[in-house]
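Please examine the fold shown below, beginning with its helices and strands and then turning to its sheet.

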Amino acid sequence: MRVLLFGATGMVGQGVLRECMEAPDVTEVVAIVRSPLDRIPSLKLTEMIHRDFFNWSGVDLSGFDACFFCLGVSALGKKEAEYRRVSYDLTIALAEALLKQSPQAVFVYVSGAGTNAQGRQMWARVKGATENALLAMPFRAVYCFRPGYIQPLHGVRSKVGWYNAMYSMLGWAEPLMLRFARKYATTTETVGCAMLTVARSGWPQHVFESTEINAAAEQPPPAASARS
């Protein structure tokens, strides 16, 4: 399976990249980034530096089985038009370009808990509109992940300093949240495993809250004989 990954330098993307690198049936991960990854080189990982995420002319996006879109920005301090440009317009520009070259791909988009195209919060409306536009595209399948609290594992860290401070403060409570509040909490490892599950085998629903993300991650990977 060839995977196209966006947001590999963010907290969710770091976790997803790790699980892709660990999965024997993932043959290549192409991470499209604006700046180089801080990662040990691997024959399985191809790093593509691309500065303009609104322009994909001349970029080879063919032959991918899955696209994991983990790229996102905070809405804090942004007006709706600005946030829509960097969230909706950017995502749809990439999706349209990918659809032309890899219509067979599964597209997995990370939004967040509370996403709602009719919601009262600006970010929720923009993310909801983005989900709806993606779900209408004729990829092999589109899945929208709406995780709530995400525990970073395996050395994964957020690029946002106050996020890391929050995770440090809540560290004592994370095991309890993951055990008793699975409706609201998941981990970076679990998100990555769930993405691989839906890319491999599909899933009956297309919008995932934390409960469904956790359930999908519990599905066993394919047997060694079935891997390609």
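Across which strands does helix α2 lie? Helix α2 (residues 80-101) lies across β1, β4 and β5, and runs at about 175° to β4; axes are lines fitted to C-alpha atoms, for helices over the stretch in contact, and angles run from 0 to 180 degrees between N-to-C directions. Helix α1 (residues 11-22) lies across β1 (2-6), β2 (28-33), β3, β4 (66-69) and β5, at about 165° to β1. Contact here means heavy atoms within 4.5 Å.

This is a predicted model, in which local features need pLDDT of at least 70 and side-chain atom pairs count only at pLDDT 80 or more, while totals for chains, interfaces and linings use all residues. Residues are numbered from 1 along each chain as its sequence is written, and side-chain values use heavy atoms, with hydrogens and water left out.

The protein chain has seven helices and nine strands, taken as DSSP runs numbered from the N terminus (helices H or I, at least four residues; strands E, at least two). An open sheet of seven strands follows the order β3-β2-β1-β4-β5-β6-β9 with parallel pairing, where two strands pair if DSSP finds at least two bridges between them. Because β3 (45-49) and β9 (207-209) stand at the edges with a single partner strand each, one side of each is left without a neighbour in the sheet. From one strand to the next, the twist averages 20°.

Within this sheet, β5 (residues 106-110) and β6 (residues 141-146) run parallel and are joined by five bridges. F107 stands opposite V142 in β6.

Among contacts in the protein chain between residues at least 6 apart in sequence, 68% join residues at least 24 apart.
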